[in-house]
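Let's take a friendly walk through a protein model. Keep the sequence and the 3D view at hand as you read.

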Amino acid sequence: MNQNPAFLDFRNVQKSYDQRTLVVKNFNLSVRQGEFVTLLGPSGSGKSTVLMMLAGFESVTAGDIMLAGKSIAHVAPYKRDIGMVFQSYALFPHMTLEENLAYPLRLRKEPADKIREAVQRHLEMVELGAFGKRTPAQLSGGQRQRVALARALIFSPRLVLMDEPLGALDKKLREQMQLEITRLHKQLGFTVIYVTHDQTEALTMSDRIAVFNNGIVQQCDVPEALYERPGNGFVADFIGENNFLPGKVEGVDGDTVRVRISSGDVVTTRRADATETGAACNVSVRPEKLFILPNEHPFDTQLTATFTTQLYVGDFIRYFFALPDGTEIVVKTLNDVSAPKLTEGQSVRLAALSKDCAAFLPHKSAH
Ligand code: ADP
Ligand code: MG
């Protein structure tokens, strides 16, 4: 018997809205109590559908969802004890913030003095202690989203769902709110299922991330593993930035794969999903994992390339090169005194560690 059952368990969950196409396919995910798990993927990949089934606003076509060891398939949404923050989850416009926050507790028939105390404590928690008598129209977008967060937490739910809650905010405010949400999560210990299409947001906030595409989880792991060791070309493309150099598998040696890339160089890569000798593949290597070598150097993966142009992006520089067959490759370095000074047409050696390269089967671009 399992001594430590998952707090939340999706078991082979499927969803079809039209009885023909599955928008969520064989979704399996076990979430520990207190974990912050993000569903990350492009628009239309099925993330919100998973949240809607979990919240109880959509039925499950097949499979089951277990919460604290019990199926919630036939539990009404309001009895699931789940807090929710959505981008468009409007506050009641005619109510003050105090009334908005009190609402979930009134529904639960909590006594008036307890409601008053909880409302004030939660307003202070999101730094809106002096704003209780205002209405939502008298707040900025970021403040409104903080009220929505407080309202989702005020009845102390075990589980909080957030669907692109920061999508409408500008970059600075979004980063502040990301910190705010992770701080509250750590402090209060509730479990979070978070949905976003923003990979930076997912990488910075989550304990674990499930990457979705076309209703299928491509990979589910901790942020570092997704970034450093993506399992297929879609994940390598969707998360962070990557070069993809077309090539053909020459041979497999244990955990490494040798690939002849289209320019003729043979590179050694980490073993990923392209493992058949002769298979067409793409070698990935991230721009910041490549080094520009002025001279010969004992790196295990090297390429000859011609410098074409560069782009200043403030704290770093992006260098563009062409391989002998014209394939473009990007290198990113810190914009410090060590940044090389290159002239157009200059030939250089580029180098990387083979563990930072991978050979993937061809995939459709994630963008
Ligand atoms: P995401 O949140 O990842 O953008 P969704 O879960 O909203 O994706 O949508 C997944 C797929 O299901 C899309 O093709 C979308 O058009 C479809 N879909 C979503 N909601 C409905 C609905 N209520 N009725 C029919 N199709 C829907
Ligand atoms: Mg969505």
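Helices (H or I, at least four residues) and strands (E, at least two) are DSSP runs, numbered from the N terminus. With that in mind, please remember that this is a predicted model.

**A glycine in a strand**

Find strand E11, which covers residues 243-253 and includes glycine 247. Is glycine 247 buried or exposed? Its relative accessibility is 16%, so glycine 247 counts as buried. Setting aside the neighbours within four places in sequence, what does glycine 247 touch? Its contacts are Val259, Arg260, Ile261, Ser262, Ala279, Ala280 and Cys281. Glycine 278 is 31 residues away from glycine 247 in sequence, yet the C-alpha atoms of the two are 9.5 Å apart in space.

**Two cysteines without a bond**

One of the contacts of glycine 247 is Cys281, so let's turn to the cysteines. How many disulfides does the structure hold? The number is zero. Why does cysteine 281 have no bond? The closest cysteine sulfur, in cysteine 357, is 12 Å from the sulfur of cysteine 281, which is too far for a bond; a disulfide needs the two sulfur atoms within 2.5 Å. The view from the other side agrees: cysteine 357 is in no disulfide, and its nearest cysteine sulfur is that of cysteine 281, 12 Å away. Cysteine 281 counts as buried because its relative accessibility is 2%. Cysteine 357 is buried too, because its relative accessibility is 2%.

**Two loop residues with positive phi**

Next, look at two residues whose backbone angle phi is positive although they are not glycine. Phi of lysine 109 is near 55°, and phi of asparagine 214 is near 50°. The table shows where to find them.

| Residue | Loop between | Phi | Relative accessibility |
|---|---|---|---|
| Lysine 109 | helix H2 (97-107) and helix H3 (112-125) | near 55° | 72% |
| Asparagine 214 | strand E9 (208-213) and strand E10 (216-221) | near 50° | 51% |

Are these residues buried or exposed? Lysine 109 counts as exposed, and asparagine 214 is exposed as well.

**A sheet with a helix across it**

Now move to an open sheet of four strands, in the order E2-E1-E4-E5, with antiparallel pairing. Which strands stand at the edges? They are strand E2 (22-31) and strand E5 (70-71); each has a single partner strand, so one side of each is left without a neighbour in the sheet. Strand E1 (residues 8-16) and strand E4 (residues 62-67) run antiparallel and are joined by five bridges. You can pick out a bridge pair there: phenylalanine 10 is partnered by isoleucine 65 in E4. Helix H1 (residues 47-55) lies across E1, E2 and E4, and runs at about 115° to E1.

**Two helices side by side**

Finally, look at helix H4 (residues 141-153) and helix H5 (residues 171-188). How do their axes meet? The axes come within 11 Å and cross at roughly 15°. Angles under 35 degrees count as roughly parallel, so H4 is roughly parallel to H5. The crossing of H4 past H5 is right-handed. On the H4 side, Gly142, Gln145, Arg146, Leu149 and Leu153 take part in the meeting. Their counterparts in H5 are Leu173, Met177, Ile181, Leu184 and Leu188.

Methods: Residues numbered from 1 in each chain as written. Chains lettered and ligands numbered in written order. Predicted model: local features only at pLDDT ≥ 70, side-chain atom pairs only at ≥ 80, totals over all residues. Heavy atoms only, no water. Buried < 20%, exposed > 50% of the residue type's maximum accessible area, 1.4 Å probe, protein only. Contact = heavy atoms within 4.5 Å. Pairing = 2+ DSSP bridges. Axes fitted to C-alpha atoms, helices over the stretch in contact; angles between N-to-C directions. Parallel < 35°, antiparallel > 145°, perpendicular 65-115°, else oblique. Left-handed = near helix turned anticlockwise from the far one by under 90°.
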